[in-house]
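Reader: I should like to examine how the terms applied to this model are justified. Please set each term against its definition.

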Amino acid sequence: MSDTSSDLTHAPALGRLMEIATGFMASKVLLVAARLGLFTELAERPLTGEELRARLKLHSRSAHDFFDTLVALGILERTDGAYANTPASAHYLVRGRPAYVGGLLEMNDSRMYDLWGKLDAGLRTGDPQNEIRTGEEGMYAALYRDPDRLAAFQQAMTGLSMGSTHALAEAVDWSSYRSVADIGCAEGALLTHLLRRHPHLRGTGFDLAAMGPGFRSRRENSGLTGRLSFIAGDFFSEPLPRTDVLVFGHVLSGWALPKAKTLLSKAYEALPEGGIVIVYETFIDDERRENVQGLLMSLNMLLETPGGFEYTTADCRGWLADAGFRESRARHLDGPESMVIGTK
């Protein structure tokens, strides 16, 4: 009898499975590099391995392995023994630059990495695995009491939405509208970019009062003070701003379906005839087969929230119809993110 288990001639490739199984290792390398400020150290000029090791105060044993792993991952470049940022890491991972997304990476490292270690418990119970599990307040309540953590969170939200922010400014014909409100605006990155790109627009950020200082700081630095305002409020208990366009970016997925539908109904009430609501998310593809990031984000909602989840564009369009919107359409924005536009 032949031992077919030992016949590897026609065995499926193992590489992809192993790449996924060890993916956490590559992720941790990037997250630690961002937390150490490695990319910021390389902002001015390339550094030799020894120079970079000394600046980051790393032990000599594995520092070069660490740096070369980043090279192999395509995150750093190395020429004649000197390390340099790639165009992408220079643009997105240097602290203080406008497009900095390191806040998101730092949050992933300090919070999400450990939280995902509890995925099995979340899948068995259906319950969040964050502070709520031990009877404490959720992540957001704790954030609002700590200005430094809140500022880092707002920067992380800016990083999460950066690609969609720029794509959305071009994907909509803004000439028909004069005012736009971002519901759950964080530090206002979407609005500052939109208003710079379309000088006829006026913008309103709507979020909890704790978000105000970060929003106002970004507004002052943007030079848009006369066209950009902030309204403090709870979008469940207070009316939404009456503008031509309402935007929900990564908002609806944080809530159970009844609350998400409530927000769309409130948007319908606030908009004028012909006004639009824009929902952008890491939507799951309609066949639920391809957008891995959307599905992973839905699992993240399991870990962080009592009822949140990601959904498909078809789901969203159905909810818009239920709320009274006469038509809707979906469009890809950037990377794994898309938007749905509903017209009143």
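Author: Two strands are taken to pair if DSSP finds at least two bridges between them. The model is a predicted one.

Reader: How do you know that β1 and β3 pair?

Author: β1 and strand β3 (residues 82–85) share two bridges, in the antiparallel sense. The criterion is at least two bridges, so the two strands count as paired. Leu47 has Tyr83 in β3 as its bridge partner.

Reader: What makes β1 and β2 edge strands?

Author: The open sheet has three strands in the order β1-β3-β2, with antiparallel pairing. Both β1 (47–48) and β2 (76–79) pair on one side only. Helix α5 (residues 63–72) packs on this sheet and touches β2 and β3. The direction of α5 makes about 110° with that of β2.

Reader: Why are α13 and α15 called oblique to each other?

Author: The axes of helix α13 (residues 257–270) and helix α15 (residues 313–323) cross at roughly 55°. Roughly parallel requires an angle under 35 degrees, and roughly perpendicular one of 65 to 115. The value fits neither range, and α13 and α15 are therefore oblique. Their axes come within 9 Å, and α13 passes α15 in a right-handed crossing.

Reader: Which residues make the contact of α13 with α15, and how many of them are nonpolar?

Author: From α13 come Leu257, Lys261, Leu264, Ser265 and Tyr268, and from α15 come Trp319, Leu320, Asp322 and Ala323. By class, the contact has six nonpolar residues, one polar and two charged. Tyr and Trp count as nonpolar here, whereas Lys and Asp count as charged.

Technical notes: Residues are numbered from 1 along each chain as its sequence is written. This is a predicted model: local features need pLDDT of at least 70, side-chain atom pairs count only at pLDDT 80 or more; totals for chains, interfaces and linings use all residues. Side-chain values use heavy atoms; hydrogens and water are left out. Helices (H or I, at least four residues) and strands (E, at least two) are DSSP runs, numbered from the N terminus. Contact means heavy atoms within 4.5 Å. Axes are lines fitted to C-alpha atoms, for helices over the stretch in contact, and angles run from 0 to 180 degrees between N-to-C directions. Angles under 35 degrees count as roughly parallel, over 145 as roughly antiparallel, 65 to 115 as roughly perpendicular and the rest as oblique. A crossing is left-handed if the near helix is turned anticlockwise from the far one by less than a right angle, and right-handed if clockwise.
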